[in-house]
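Let's take a walk through this fold, starting with the overall layout and then going sheet by sheet. Keep the viewer open as you read.

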Amino acid sequence: MQFDLNQFLTKGTVPASREFAFDCDNQDFSGFRVAPPCTVHFEAVHRGDKAALKISLKGKVEAECARCLEPVVQAFEIEQGYLVGLDELQEEFCELPIVGRGLLDLNELARIEIELQTPTVLLCDELCKGLCPVCGKLRKLGCSCELQQADERLSVFEQLLS
Ligand SMILES: [Zn+2]
Ligand SMILES: [Zn+2]
């Protein structure tokens, strides 16, 4: 979905809004994916000779817990605002994803915001103990490795004493 920012700034006078579903099939995130449905709401109003934009996103990300690899689902609600003028649309380094002559790529803008606002490390639980480094089982399910290790340490200690 594209929004003609150039036209909005040069010819427009009335506020504009768009609502669409984020394209969950074509996504390129590092370490997680966005689960459908994810709705994007976009608003543009004139402020002086600039455009005040607002994007709101609601959805959830799916990932694997960074410690135990169990599935993690985390809901998000993102709201971000921008102020852009006509001169900025012609700049190569505009922070917004502009294509062609001032067309704002709304899906790409949504993608960038989700990427920025999602933590790089997702955990099933802040207190997740992860996997046992010895047997690879989930630590929360318990395994006997820790006990065995303690026994070994104890036996070394006993050997030293004897
Ligand atoms: Zn975990
Ligand atoms: Zn273990």
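Two residues are taken to be in contact if their C-beta atoms, placed from the backbone, lie within 7 Å. With that in hand, look at the contacts between residues at least 6 apart in sequence: in the protein chain, 58% of them join residues at least 24 apart. Bear in mind that this is a predicted model.

Now for the parts list. The protein chain has seven strands and four helices, and reading from the N terminus the elements go β-α-β-β-β-β-α-β-β-α-α. Of the 162 residues in the protein chain, 17% are buried.

Let's begin with the sheet of four strands. This one is open, with strand order 2-3-4-5 and antiparallel pairing. Which strands stand at the edges? They are strand 2 (16-21) and strand 5 (71-85); each has a single partner strand, so one side of each is left without a neighbour in the sheet. Going from one strand to the next, the twist averages 10 degrees. Strand 2 and strand 3 run antiparallel and are joined by six bridges; if you'd like a landmark there, find Phe 20, whose bridge partner in strand 3 is Val 40. Helix 3 packs on this sheet, where it touches strand 2, strand 3, strand 4 (50-64) and strand 5, and its direction makes about 60 degrees with that of strand 4.

While you're in this part of the model, pick out His 41, which belongs to strand 3 (residues 32-47). Setting aside neighbours within four places in sequence, His 41 is in contact with Glu 19 and Ser 56. Lys 58 sits 17 residues away from His 41 along the chain, and the C-alpha atoms of the two are separated by 8.8 Å. Why does His 41 count as partly exposed? Because it has 15 C-beta neighbours inside 10 Å, and a residue needs 20 or more to be buried and 12 or fewer to be exposed.

On to the other sheet. Here three strands form an open, antiparallel arrangement in the order 1-7-6. Strand 1 (2-4) and strand 6 (98-99) are the edge strands, each pairing on one side only. Strand 6 runs antiparallel to strand 7 (residues 103-105), and two bridges join them; Val 99 stands opposite Leu 103 of strand 7. Helix 3 turns up again here: spanning residues 106-117, it packs on this sheet, touching strand 1 and strand 7, with its direction at about 45 degrees to that of strand 7.

Conventions. Residues numbered from 1 in each chain as written. Chains lettered and ligands numbered in written order. Predicted model: local features only at pLDDT ≥ 70, side-chain atom pairs only at ≥ 80, totals over all residues. Pairing = 2+ DSSP bridges. Axes fitted to C-alpha atoms, helices over the stretch in contact; angles between N-to-C directions.
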